[in-house]
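Biologist: Please pick one spot in this model and look at it closely, then work outward from there. I'd like one connected account, with the cut-offs spelled out as you go.

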Amino acid sequence: MPEDRVGFIGLGVMGAPMARNLLAAGHDVVAFTRTRAKVDDLVAEAPDHAAAAGSPREVAEQAGVVVLMLPDSPQVQDVLDGDDGVLAGARSGSLVVDMSTISPVVTRELAERCAEQGVGWVDAPVSGGDVGAREATLSIMAGGSEEDFARARPLFEALGKTIVHVGPVGAGQVVKACNQVVVALTIEAVSEALVLGSRAGVDPATIIEVLSGGLAANKVMEVRGRNFLEHDFTPGFRVELHHKDLGIALQTAREYGVALPNTAAVDQMLQALRANGRGDRDHSVLLNHIEDLAQHTIGAPPEHD
Ligand code: NAD
């Protein structure tokens, strides 16, 4: 029965383990991604429960609910449109669950087009990274009608721990943009504090330890503290993805007439890191940018004038 199968499009860093978790939870999955070999790997692991589709259209023809986990708005638009797109194969009553991080403005446009065809939409971006995707501990922030959210919920339970229905269509992407603003600006603030403290002669590990006990405590220092101290910028979450997400926040801010001065500044810092070849590093590499401005590497022996 098509309704019982879950469609999955986009088997990347996040999508591949998420599709595996759906299979592990007992769902039958029909999948498509740009690189055929990744679908074949999934089918080989669970031949009785996973099937390969030749296009997004075929996915929608064979599944009542289609999950998307794609890089950005243009790719989501691509898989929906055209003769081979999801909308060419979807029936009235189908549901698209977009778990990619994309623009809330584009989301609302795409959801409206789906609604014209009787197809529902839930935007459900996630946080928790590749580890959360593998361990099925993602935080999922979902936007959509009560009815569509209830339909998607069993899938979310196979993928994440914190599942919150945050509002109507688009609200999930709005909350994700808010999340990305806070994380980026926190990384930048911690970097400034560490460079200031270290340049002025205090051990950066001590700064993190003491700050963690007061109002300045934050999850970035807890989860990325070691990366800062050891200058280990192995991703994690890549600069280029975070730069994309601040672009979404700034575009949304422009749409609604909201000024985000510090988000704009950090967006430019991430742009600079990409331009000098650090786009594939973890976003904690923002520390390098602040170190460059001060000509000081944290933890280096104190300099004397
Ligand atoms: P990724 O680049 O690893 O994976 C994207 C997948 O989509 C790839 O397999 C690619 O082949 C496929 N794809 C691209 N265009 C396609 C098309 N037109 N048709 C079919 N398949 C196509 O990206 P990712 O890290 O898995 O991230 C996916 C989304 O999740 C992004 O929006 C990202 O911002 C978000 N996200 C990522 C993380 C993370 O830690 N990586 C954390 C939270 C959210």
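**A turn after a helix, and what lies around it**

Modeller: Gln295 is found in the segment after α14 (286-294); helices are DSSP runs of H or I with at least four residues, strands are E runs of at least two, and both are numbered from the N terminus. Before going further: this is a predicted model, so local features need pLDDT of at least 70 and side-chain atom pairs count only at pLDDT 80 or more, while totals for chains, interfaces and linings use all residues. Residues are numbered from 1 along each chain as its sequence is written, and side-chain values use heavy atoms, with hydrogens and water left out.

Back to Gln295. Its phi is near 50 degrees, a positive value in a residue other than glycine, and this comes just after α14. With a relative accessible area of 65%, Gln295 is exposed (over 50%; buried is under 20%, partly exposed in between, with a 1.4 Å probe and protein chains only). The helix before it has plenty tucked away: Leu286, Leu287, Asn288, His289, Ile290 and Glu291 of α14 are buried. Their cover includes α9 (171-199), α11 and α13 (261-275), with contact meaning heavy atoms within 4.5 Å.

Following α11 (219-230) leads to the loop between α11 and α12, where His231 is found. His231 also has a positive phi near 50 degrees without being a glycine. At 27% relative accessible area, though, His231 is partly exposed. Gly236 lies in that loop between α11 and α12 as well, and the peptide bond leading into it from Pro235 is cis, with omega near 0 degrees.

Next comes α12 (239-256), which holds His242. His242 has 1% relative accessibility, so it counts as buried. Leaving out residues up to four places away in sequence, His242 touches Gln180, Val183, Ala184, Phe237, Leu270 and His283.

α12 also takes us to the ligand. Along with α4 (73-80) and α7 (129-135), α12 supplies at least two residues of the shell around the ligand. There are 23 residues in that shell, and Val13, Met14, Pro71, Thr101 and Lys244 come nearest; a residue counts as near if one of its heavy atoms lies within 4 Å of the molecule. By class, the shell has 11 nonpolar, 7 polar and 5 charged residues. For that split, Ala, Val, Leu, Ile, Met, Phe, Trp, Tyr, Cys and Pro count as nonpolar, Asp, Glu, Lys and Arg as charged, and the others, Gly among them, as polar.

If you care about backbone contacts to the ligand, there are a few to check. A backbone N or O atom of Val13 is 2.9 Å from a ligand oxygen, and one of Met14 is 2.8 Å from a ligand oxygen. A polar backbone atom of Arg34 lies 3.2 Å from a nitrogen atom of the ligand. On its own, the ligand has 840 Å² of accessible area, and the protein covers 91% of it (Shrake-Rupley method, 1.4 Å probe).

Just along the chain from Val13 and Met14 is α1 (15-24). Of its 10 residues, 8 are buried, so α1 is largely enclosed by the rest of the structure. The buried ones are Gly15, Ala16, Pro17, Met18, Ala19, Asn21, Leu22 and Leu23. After α1 comes Gly26, with a positive phi near 100 degrees.

Met18 also turns up in the largest nonpolar core, which has 35 residues; Met18, Phe8, Val97, Met99, Ile140 and Phe156 touch the most other members. Such a core is a set of buried Ala, Val, Leu, Ile, Met, Phe, Trp, Tyr and Cys residues joined through side-chain atoms within 4.5 Å. Elements giving two or more residues to this core include α1, β1 (5-9), β5 (95-98), β8 (138-143) and α8 (146-159). The largest share, 6 residues, comes from α8. A second, separate core of 25 residues includes Ala184, Val195, Phe228 and Ile298. That brings us back to His242, since Ala184 is one of the residues it touches.

Notes. A polar contact is a pair of N or O atoms within 3.5 Å; within protein, one must be able to donate a hydrogen and the other to accept it, and residues adjacent in sequence count only if both atoms are side-chain atoms.
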